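Hi everyone, thanks for coming. I have one chain to walk you through today, so have a look at the sequence and the model first.

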Amino acid sequence: MKADDLVKESVRQARQYISYHKQLDIFILLGVLIILLTIPLTVISVNQARSLEARAEAMMSVIPNPVIGRGTEYTVTGSGFTTNEWVSISMADPGCCMAFNLWPSESGSISFNRLTGDPGTYKIDAYQRERNKLVLKATLSFEVIESSKSADINDDGVVNIFDASILASRWGTRDPDADLNGNGVVDIFDASIMASNWDG
Ligand SMILES: [Ca+2]
Ligand SMILES: [Ca+2]
């Protein structure tokens, strides 16, 4: 091989070497870029999953469900709340609305009792403060159903003084015939149902 050819061959090999290493560099660069891009995306998605998880941790339920009748006591319990923050309860029912705060127990639970008003859908939202923002932690909706019991207690076809006298004689008891709204006691709510169905 001539000296000239030797030079040409060396140049060719050198070019090949350089181009191979250029490709390698590009691959390494691409690899590094992909890793750099993937890390924050992974961190973001892990964080998102964590916050979704945190939001799904809290839940509420009601006993009894459905709630039957006006003036019936129902108990709402909740769990999974952050322990060192107030739980802000916002309630809406067919009548209107109200809001109050509860301090969760050491295990992150809440519980409160209330009496039903008008029949219909009751909706309860529970919020907690997270980094100075109110975050919806749990929602609950349930039905309050009108009792189908008739105010005609003695079953004679009219609601009158005879039914009122039976109601009065069973006042404060658990008598199922006179407990028109089914809240477990013969009380003012039953008298009110009787009054609104009064035939005279
Ligand atoms: Ca009657
Ligand atoms: Ca009752």
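**Around Val87 and outward**

Let me start with one residue in this predicted model. Which residues does Val87 touch, once we set aside its neighbours within four places in sequence? The contacts are Phe81, Asn101, Leu102, Pro104, Ile110, Ala126 and Gln128.

Val87 also belongs to the largest nonpolar core, which has 15 residues. Together with Met60, Ile124 and Ala126, Val87 is among those with the most contacts inside that core. Four strands each give two or more residues to it: S3 (73-79), S4 (87-92), S7 (120-130) and S8 (133-145). Of these, S7 gives the most, with four residues.

There is a second core too, separate from that one, with 11 residues. Ala151, Val159, Ala178 and Val186 are included in it.

Now to the helices. How do H2 and H3 pack? H2 covers residues 161-169 and H3 residues 188-196, and they meet at an angle of about 180°, with their axes 11 Å apart. An angle over 145 degrees counts as roughly antiparallel, so that is how H2 and H3 run relative to each other. On the H2 side the contact is made by Asp163, Ala164 and Leu167, and on the H3 side by Asp190, Ala191 and Met194. That gives four nonpolar residues, two charged and no polar ones.

Finally, the whole chain. You will find three helices and eight strands, in the order α-β-β-β-β-β-β-β-β-α-α along the sequence. Of the 200 residues, 20% count as buried. And among contacts with a separation of 6 or more, 56% join residues 24 or more positions apart.

Technical notes:
Residues numbered from 1 in each chain as written. Chains lettered and ligands numbered in written order. Predicted model: local features only at pLDDT ≥ 70, side-chain atom pairs only at ≥ 80, totals over all residues. Core = buried A, V, L, I, M, F, W, Y, C linked by C-beta atoms within 7 Å. Buried ≥ 20, exposed ≤ 12 C-beta atoms within 10 Å, placed from the backbone. Contact = placed C-beta atoms within 7 Å. Axes fitted to C-alpha atoms, helices over the stretch in contact; angles between N-to-C directions. Parallel < 35°, antiparallel > 145°, perpendicular 65-115°, else oblique. Nonpolar A, V, L, I, M, F, W, Y, C, P; charged D, E, K, R; others polar.
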